Amino acid sequence: MKPYVKTFVATFVAAATLVIGPTDLFAAPIVLKVSHFLPPGHSISKSLVAWGEELKTKSDGRLELDIYPGGKLAPPPKQYDLAAGGEVDISLALHGYTPGKFPLTEVAQLPFVVHQGATSSAKLTRLAPKYLAKEHTGVKILFLISSPPLNIHLAHKRIDNIQDFKNLRLRYSGAPVGEAVKTLGAIPIEMAPGKVADAMKAGELDGAIFPYEAVRAFHMDEVSKYSVEPGFNSVTFFLVMNRESYERLPKDLQQLIDDTTGPEAARRYGAQLDEQENVGRQVMIDHGVKIIHLSYATLGRIEAATVRNIKQTLGDLEKRGYPANIFYLEMLSANASSASAK
């Protein structure tokens, strides 16, 4: 190499080092390990992949996500502990997989609390720092998602009125959903979502409670004869990051995480779930599933039957020192927002 070329290269490297630091010039990207339980084809799973691409682009390649879907690293009930314990940096799962671990968050899953995923997800995430941080220990809450109301999908038997719930074996997720099922006379059964279709096909379950958006991911369209609407319980998801993993990031990358999560991100994820309800419903219809729409009279009886359970749940939490009543009312207020948006 000619002397003047060597001088130019040395000068450029020295100048670059002064500007961006000696270790940053050729530094490897920071890769955050992400674990969740959903199959790759699920709408939330696809959104997490898109988020990873967004982080990589906006950080100029300095921040990437390494995503492990489908419970590859742990079964659904262990997903939260993966992030809290630092085995992964970020995890996503349902609160309902660990009943009792998130007692105040479970209030958002009570019957008739949620009308729409978008507004309730944004509200739930906005309320999280004030009400829910204490029961999400070891992590930073990136956002919380509320599903649209869940529908009941049945292999053979119909539900037309409240008496038809009696002794139906229904797969559920989340203690409030299980309590509602029990209150209506059915038999709540816990089961991993990936096993439900086979159980319905084998006659081990009469049905399962899922949102329409999940029917393709878990093959409900292949084993259901009826779907019952409208739903009345919802489930909640968490996207959390190990606190130390977050604090180790450079400040600008912390800010990037903050800017791409929070209430508005929760709203977008919730809106995607809302939009996918129509898609999933059409999938069921295309596969010959009959949609049963419950009458207002039947819905009124279901609401009346579950009121006592709701009051008892809130009262028990208040006795334990949780601000359950005000949190319940705060979550109900999201429905006013969703109604005015229509």
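The lining of the largest pocket is mixed in character, with seven nonpolar, seven polar and six charged residues. These values come from a predicted model. In total, 20 residues line this pocket, and the space inside comes to about 560 Å³. Lying nearest the centre of the pocket are His 115, Pro 148, Pro 149, Pro 230 and Gly 231. Two helices, α10 (residues 263–286) and α11 (residues 296–319), each contribute at least two residues to the lining. Of the elements involved, α10 gives the most, with four residues.

A look at Ser 43 brings in another helix, since this residue is found in α2, which covers residues 43–58. Ser 43 counts as buried because its relative accessible area of 15% falls under the 20% cut-off. Leaving aside residues up to four places away in sequence, Ser 43 touches Glu 213, Gln 272, Leu 273 and Gln 276.

Turning to the whole protein, the fold comprises 12 helices and 11 strands. The C-alpha trace spans about 90 × 45 × 40 Å along its principal axes. Of the 342 residues in the protein, 51% are buried. Among contacts with a separation of 6 or more, 78% join residues that are 24 or more positions apart. The exposed surface of the protein amounts to about 16,100 Å², and carbon and sulfur atoms supply 55% of that area.

Key
Residues numbered from 1 in each chain as written. Predicted model: local features only at pLDDT ≥ 70, side-chain atom pairs only at ≥ 80, totals over all residues. Heavy atoms only, no water. 1 Å grid on protein atoms, 1.4 Å probe; cavity = no way out; pocket = protein on both sides within 12 Å on 5 of 7 lines; lining within 4 Å. Points joined across faces, edges and corners; volume = space filled by probe spheres on them. Nonpolar A, V, L, I, M, F, W, Y, C, P; charged D, E, K, R; others polar. Buried < 20%, exposed > 50% of the residue type's maximum accessible area, 1.4 Å probe, protein only. Contact = heavy atoms within 4.5 Å. Areas by Shrake-Rupley, 256 points an atom, 1.4 Å probe, with all protein chains shown as cover.
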